[in-house]
Structure formats: structure tokens, C-alpha cells
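Here are my notes on the model you sent. Please read them with the structure open.

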Amino acid sequence: REPGGDVPSAMGGVIPATGVVWKYDFSKRQTEVLPIHLLEGIGSIVGLAMAAETLRGKAVMAWCDNQSWVKSVQRAKPKDPCLRELLAIQDELARRHELTVLSEYVHTDVNTVSDKASRGDVPGAIAELVARGWSEDQITVIDLNENPALGPPDLELLFKRIIQIYEAKVAVRKGRIAHLWD
């Protein structure tokens, strides 16, 4: 979420290698607690997890319109404990599937298909793909709220873990608990 901006209601993306357009509607708690850069990081990991087996052994370019997440991946040494946890999860996913994951920033204005999916506008994302030469029979839509078994098996656990770390970080900042990490 941007300072003073709207809270995103969903995350989503497009996996060109599989023709999948996916989306997940955030819970109220997820959007109340987690800042946008963490939601974007989770979204990037979800997309990677959904494509990992298909892309086994390949280099993967993960485009993201959130500079904080992209810089964390590129520098590989975030100070934020939540970003460190997400990066460790991404690295483990890459290791298990023998992937080389690269991340680059893409401006939201150019990221039209994934941006529409991430805002819950799946029909708009499909229309964008069709306008770019895809046929509708090449596209599979997965709503992870309706069909969680088609996504990463531990998505809700991932959200709980990142919320737990984020709330601990906030408590440390406010002096409610002792500093536990570097």
C-alpha cells in the first residue's frame, strides 16, 4: 500500500510458461497488518512456486512492480527480518527446483496483465493477453481462494509466519519486547 493510498485487495500474476493467470484475495487481517512490499514479496513467491516444477533447471526472470522487494532480491541482504524470511523461502524454492531466480523492476504502467490480476480484475488480465496474441484456450485461470490446492500447499502458513515476524518487529520498535535479531 502506498502512503495514503488504497489497500490492495488481491495479489495475482501471470505465468507465461504455463498460461496461468492466478489471483488470491487478501483477508482483512493480511491487508491490515502487512505493508505492500511484503504482500508483493509473497505474491512473487507464490508465482514462482506455481511455476517451479515446469521451469525446473531454468533461469527465471521474476518481474515485480515493487522496488523494495526487487532490491531485496537483487542485493540478497535485506535488513528487514520479514524480507529476509521471504528471501530465504524463495532461495529454498529455487534450490529445490534447481532454478536461477532473477528479479527486475517493471513499472506498473507496463505491468498491465499482472497488475490487473493483482487487483482482482481477471477478465481484464485475460483481455490484455488476448490483445497480445494469446487465445483464450491457452489461458488457465486459478483463483487460489476457491481452489487453494492448485497453489502452494503452505500459503496460509506463509502469511501467518510473515505476520508473526512483522508484529514482532513492530513490538521491538515500540519497546514492548527485547531485540532478538541483528
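The points below cover the cores, one helix and the loop after that helix.

1. This is a predicted model: local features need pLDDT of at least 70, side-chain atom pairs count only at pLDDT 80 or more, and totals for chains, interfaces and linings use all residues. Residues are numbered from 1 along each chain as its sequence is written, and side-chain values use heavy atoms, with hydrogens and water left out.

2. The largest nonpolar core (buried Ala, Val, Leu, Ile, Met, Phe, Trp, Tyr and Cys residues joined through side-chain atoms within 4.5 Å; buried means under 20% relative accessible area, with a 1.4 Å probe and protein chains only) has 41 residues. Met11, Trp22, Leu34, Ile42, Leu155 and Phe159 have the most contacts inside it. Elements that each supply at least two of its residues include β1 (10-15), α2 (36-51), α4 (81-96) and α7 (155-173); helices are DSSP runs of H or I, at least four residues, and strands are runs of E, at least two, numbered from the N terminus. Another core, of nine residues, lies apart from it and includes Val21 and Ile139.

3. In α4, the buried residues include Leu83, Leu86, Leu87, Gln90 and Leu93. Their cover includes α2, α3, β4 and α7. At the start of α4, a side-chain oxygen of Asp80 comes within 2.6 Å of the backbone nitrogen of Cys82.

4. His97 sits in the loop between α4 and β4 (100-105) and is buried, at 15% relative accessible area. Its side chain makes a polar contact (N or O atoms within 3.5 Å, one able to donate a hydrogen and the other to accept it; residues adjacent in sequence count only if both atoms are side-chain atoms) with the side chain of Arg56, at 3.3 Å.

Definitions and conventions
Buried means under 20% relative accessible area, exposed over 50%, partly exposed in between (1.4 Å probe, protein chains only). Contact means heavy atoms within 4.5 Å.
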